[in-house]
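Let's take a walk through a protein together. Keep the picture open while you read, and try to find each spot as we get to it.

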Amino acid sequence: MLSIAQMSGAGQGDYYLELATEDYYLKGGEPPGIWEGKGAEELGLSGEVRAEDLKNILNGYSPDGSKELVQNAGKENRQSGWDLTFSAPKSVSTAWSQSEGEQRTAFQEAHKEAVKKALNYIENEAVTTRRGQGGTEKEKANIAIATFEHGTSRAQDPSLHTHALVVNAGVRADGSTGSIESRQIFSHKMAAGAVYRAELAKRIENDQRLGIESEKTRTWFELKGVDKGLQGEFSKRRKEVEKELESSGFSGAKASKVATLNTRKVKEHVPRDELFKQWQKIGQEHNWSKKELKEITNKSPVRDIEKEKSEAFKASVDKITQHQSHFSRRDLVRNVAEEAQGRGIGADDIFSSIEQNLAKNSEIIQLGRVNGELRYTTKEMLELESSMLEKVKQSKQSDTLKVSDKSLEKAFNSRSEISDEQKNAVVHITQKAGSIQAVSGMAGTGKSFMLGAVKEAYEAE
């Protein structure tokens, strides 16, 4: 799962800076932050995140604080970046909570690599800067991302997730820097989240230390055989939010966000080793712990990846064209990645399948660009729409649906309060050549009343 939160101002930045302090790791037992992104390398950042580097770069300066990377560096109200939080499905966190040794490490490595694939996608596809007079020139840029792996929710339930802090300072091809245009990051959110989940599912299935079969559930996946009762026990944070929603009487994404903030508590620092002891005790009480985890390992099936890639692509195109007649590469990435889960297909398979089909699949037709984004459709959809438009064109010549003046007069006489404007609309619908007519009118102008006269005129015929 992927959520995005804006980071703005020095005050909010302080919260994320706490993530980079040695004291935090000693108390919480969480791994140190790691720099990701080509932009980080270009700014001289690699390996573990140092607090001073992060503080400077979030404030719009170079890591050593000597150079401004953006025009509003150091300003109190500047947008410092975005927190992209990648969360593993509940069954993954639950299985991880009952693991130990190399198996525990394998879960965390699978999660880490899946996050990296999703961040690579964001950096390659969704990052642009503006420059020139009025910011009219857009350029691709690379980004610096400080990633922090966490293992718990605020209710101290197992929740394997990573905060990926995307710094609002992109590095262009010529080495210059500038603020990032965030709209594209948000527009690629669903696709990036699906890429993360697909890669995570594949790695858990293919790792010899795990080998746990995954299955697609709507747009995400879960691991087969992980006890649902234990998953429910480890969902206290979600239950807090649901209780708040119920008491407020509101629903929907915005209400959930408010409820999440209203129920947020200060996160306690409990060493991971202590938490694992607590979680595994709870697992034993639910009769699902180390023994049961071992029983579902090394059970992932052998898959024909090329066949799975073909079927996932076809299923995704069928799904898209049920709701829209044309689509972008971003639409394909999201939908193919959703279909990939439970098929053993990871990020590289998704991207290669899309590129192959866009280049060689005769059923996929390139239409052109809309707002700078290439759009595609299928041969079947193009033929269907062409047929529909041809029928509309032919219908414009039809006189079979015209009504007589006598029938119109009868309809008007039965509605003495009908206005001249409404009469003109009735005439347009009932006497103009063609079987399809359009009428527009603001709310409250009497369209329904006018259509009553149309109905009477046709009935009189």
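Which residue has its charged end over the ring of phenylalanine 276? Find that ring, and you'll see that arginine 104 is the one: its charged end sits 3.5 Å from the centre of the ring. Before we go on, keep in mind that this is a predicted model.

Let's stay with phenylalanine 276 for a bit. Its home is helix H12, which covers residues 272–285, and tryptophan 279 lies in that helix too. These two are three residues apart, about one turn of the helix. Now look at how their rings meet. The centres are 5.1 Å apart and the planes are at 70°, so we call this pair edge-to-face. Planes over 60 degrees apart earn that label. Are the two residues buried or exposed? Phenylalanine 276 has a relative accessible area of 3%, so it's buried. Tryptophan 279 comes out at 2%, so it's buried as well. Anything under 20% counts as buried here. There's one more partner to find: ring pairs join Trp96 with Phe276 and Trp279 in a cluster.

How many aromatic pairs does a search of the whole structure find? The count is six. One of them is made by tyrosine 121 and phenylalanine 351, and this pair is stacked, with 10° between the planes and 5.9 Å from centre to centre. Along the chain these partners are 230 residues apart: tyrosine 121 belongs to helix H6, while phenylalanine 351 belongs to helix H16 (residues 347–360). So the pair links distant parts of the chain. Both residues are buried.

While you're at helix H6, which runs over residues 101–125, look for glutamate 123. With 1% relative accessibility, glutamate 123 counts as buried. Leaving out residues up to four places away in sequence, its contacts include Gly37, Lys38, Lys140 and Asn142.

Now for the nonpolar residues. In soluble globular proteins, nonpolar side chains tend to be buried together. In this model, the largest nonpolar core has 70 residues. Leu84, Phe86, Phe107, Ile204, Leu223 and Ile350 have the most contacts inside that core. Take phenylalanine 107 as an example: among the residues it touches, beyond four places away in sequence, are Val92, Trp96, Leu160, Ile204 and Leu223. A second core, separate from this one, has 19 residues, among them Leu43, Ala146, Val167 and Ala169.

To finish, here's another charge over a ring: lysine 423 lies over the face of phenylalanine 412, 5.5 Å from the ring centre.

Conventions:
Residues numbered from 1 in each chain as written. Predicted model: local features only at pLDDT ≥ 70, side-chain atom pairs only at ≥ 80, totals over all residues. Heavy atoms only, no water. Core = buried A, V, L, I, M, F, W, Y, C linked by side-chain atoms within 4.5 Å. Buried < 20%, exposed > 50% of the residue type's maximum accessible area, 1.4 Å probe, protein only. Contact = heavy atoms within 4.5 Å. Helix = DSSP H or I, 4+ residues; strand = E, 2+ residues; numbered from the N terminus. Phe/Tyr/Trp six-rings, centres within 6.5 Å; stacked < 30°, edge-to-face > 60°. Lys NZ or Arg CZ within 6 Å of the ring centre and 35° of its normal.
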